[in-house]
Amino acid sequence: MADSEPLPGWAPQPFRQFVFKVQSRCNLDCDYCYVYHLADQSWRRQPKHMAPDTVRAAARRIAEHAARHELDRVKITIHGGEPLLGGRAYLETFLSVMRANAPGVALDFSMQTNGVLLDDEMAAFLVDESVIVGISLDGDREANDLHRRFRDGRSSYDLVEDAIRRMTRPENRESFGGVLCTVQLAADPLRVWHSLLDLGTPALDFLLPHGTWSSPPPGLRPGDGRTPYADWLIPIFDEWFDAADRPASVRIFEDILNLLLGGVDSYESFGLAPVCLVVVETDGGYEQVDSMKAAYEGAAATGMSVFTESLDDLLGTPGIVARQVGLSGLHETCRECALVETCGGGLYSHRYLEGSGFVNPSVFCADLYALISHIERRTTDQLTARGLTLAQVRQSGPSAGGEGLADGRGTSGNGAARTLGGA
Ligand code: SF4
């Protein structure tokens, strides 16, 4: 497909999720970070904090967009850099300016933080402000220390562990969105899984490390037939799937199950639903999905800004169109793939190859195929034992799989993240 041409019959989908890069710097120096250690180094030109005038202009753009598309609520993710670097005073100003300038639309705030500065006072403040908090941690101390360290090499583990335990306390738990764990092939998967469960987190997600065909992720040599990331995730899936009581919601598994069972909505990593997310950089620039910074310098940039263009102006730009056209935006290998409705070609940024852009299968193609196939097999076996077929459930929708289905927390957008399995 030509990267930039809207297709007949296709209409732009309004943005419903906004990632605000409120701080452009970080107090950790994780060596796999796409912001500071991969191809795009544009953070160096960004102001350190998003100024109140920028927040105001962005909130007004969101209000205008929501009114035009009759959206009664949108999601706002407070992100960085490290979003807690500005402290409570900064966040108070951010939240009040946002709310004051988008009065006609409900703003559902969440935050992704490294947890280092999340003390009792900050936790209480975020709970009071109804901000759902996600914390990044890559497993036990040994796994986390592989990459998530301070600039002087110190471990961040103890501070982050404290933050997670703090958020699991009864008074904070409702505002805890869970733990985000980047897969480290060098770490033992079940040890990582149990160490995260031991912290009491109600939800978690496993993230594939960022990389492209031109700059493959750690341990991956695309085309060599190995599937190290699927091999790492499958033992965790099996233990989770077979548990009599789900110990935690796991977004990556619930998203895949939901799509296999006929759901359509998902997070941007899977499926064919249009991506309705935009990033607002610290200087007010609109950017596409942040992980595209793993591809090349300027990959995520749009050249547009909250000060000069509306969100509707942004909707028609080639990069946004390419992420909203579903099947027709994919490489022919993906279009002909038996698993495309679930996989969706993987995360957009993982498809990049220098010289051919983003119209390629994911660099994780073999791993995604192996993981989804495994989950499909396990699901089919469970349904067969209940006298059902996957086709029947897909026809009736994800909730038609019989008893034993359970809602996940904080997962797929349509609320149909259902989990088969259990002893
Ligand atoms: S498994 Fe591979 S070929 Fe199939 S949709 Fe995903 S990336 Fe494309």
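# Exercises on cavities, helix H7 and loops

The largest cavity is lined by 15 residues, and those nearest its centre are Phe-206, Leu-208, Ile-252, Ser-269 and Phe-270. A cavity is a set of points on a 1 Å grid over the protein atoms alone where a 1.4 Å probe fits but cannot get out, and lining residues have an atom within 4 Å of a point. The model is predicted: local features need pLDDT of at least 70 and side-chain atom pairs count only at pLDDT 80 or more, while totals for chains, interfaces and linings use all residues. Residues are numbered from 1 along each chain as its sequence is written, and side-chain values use heavy atoms, without hydrogens or water.

## Exercise 1: the largest cavity

Task: State which elements give two or more residues to the lining of the largest cavity, then give its volume and the classes of its lining residues.

Solution:
1. Strand S6 (203–207) and helix H8 (251–260) each give two or more residues to this lining. Helices (H or I, at least four residues) and strands (E, at least two) are DSSP runs numbered from the N terminus.
2. The volume is about 170 Å³, taken as the space filled by probe spheres set on the points, which are joined across faces, edges and corners.
3. The lining splits into 8 nonpolar, 4 polar and 3 charged residues. Ala, Val, Leu, Ile, Met, Phe, Trp, Tyr, Cys and Pro count as nonpolar, Asp, Glu, Lys and Arg as charged, and the others as polar.
4. In total, the model has 3 cavities of 30 Å³ or more.

## Exercise 2: the shell around the ligand

Task: List the residues around the ligand and sort them by class.

Solution:
1. The shell holds Thr-333, Cys-334, Cys-337, Val-340, Cys-343, Gly-345, Pro-361, Ser-362, Cys-365 and Tyr-369. A residue belongs to it if one of its heavy atoms lies within 4 Å of the molecule.
2. Helix H11 (332–335), helix H12 (340–343) and helix H13 (365–385) are the elements that give two or more residues to the shell.
3. By class there are 7 nonpolar and 3 polar residues, with no charged ones.
4. One shell residue, Cys-365, has its C-alpha 9.2 Å from that of Gly-223, although 142 residues separate the two in sequence.
5. Gly-223 sits in the loop between S6 and H7. Gly-223 counts as exposed because its relative accessibility is 83%; exposed means over 50% relative accessible area, buried under 20%, and partly exposed in between (1.4 Å probe, protein chains only).

## Exercise 3: helix H7

Task: Compare the expected span of helix H7 with the distance between its end C-alpha atoms, and locate its bend.

Solution:
1. H7 covers residues 228–242, so its 15 residues at 1.5 Å a residue should span 21 Å. The expected span is 1.5 Å times one less than the number of residues.
2. The end C-alpha atoms are 22 Å apart, which agrees.
3. H7 bends by about 25° at Ile-234, and Pro-235 follows within four residues. The bend is the angle between axes fitted to the seven residues ending at a residue and the seven starting there.
4. The buried residues of H7 include Trp-232, Leu-233, Ile-234, Ile-236 and Phe-237.

## Exercise 4: backbone geometry in the loops

Task: Identify the cis peptide bond and give phi of Glu-70 and of Ser-130.

Solution:
1. The bond from Gly-80 to Gly-81 is cis, with omega near 15°. Gly-81 lies in the loop between strand S2 (73–79) and helix H2 (87–101).
2. Glu-70 has phi near 55°, positive in a residue other than glycine. Its loop runs between helix H1 (52–69) and S2, and Glu-70 is exposed at 73% relative accessible area.
3. Ser-130 also has a positive phi near 55°. Ser-130 lies in the loop between helix H3 (120–128) and strand S4 (132–136).

## Exercise 5: two residues of helix H3

Task: Decide whether Asp-120 and Phe-125 are buried, partly exposed or exposed.

Solution:
1. Asp-120, in helix H3, is partly exposed because its relative accessible area is 42%. Its C-alpha is 7.2 Å from that of Arg-166, 46 residues apart along the chain.
2. Phe-125, also in helix H3, is buried because its relative accessibility is 3%. Phe-125 and Glu-92 are 33 residues apart in sequence and 9.0 Å apart in space, C-alpha to C-alpha.

Technical notes: 1 Å grid on protein atoms, 1.4 Å probe; cavity = no way out; pocket = protein on both sides within 12 Å on 5 of 7 lines; lining within 4 Å.
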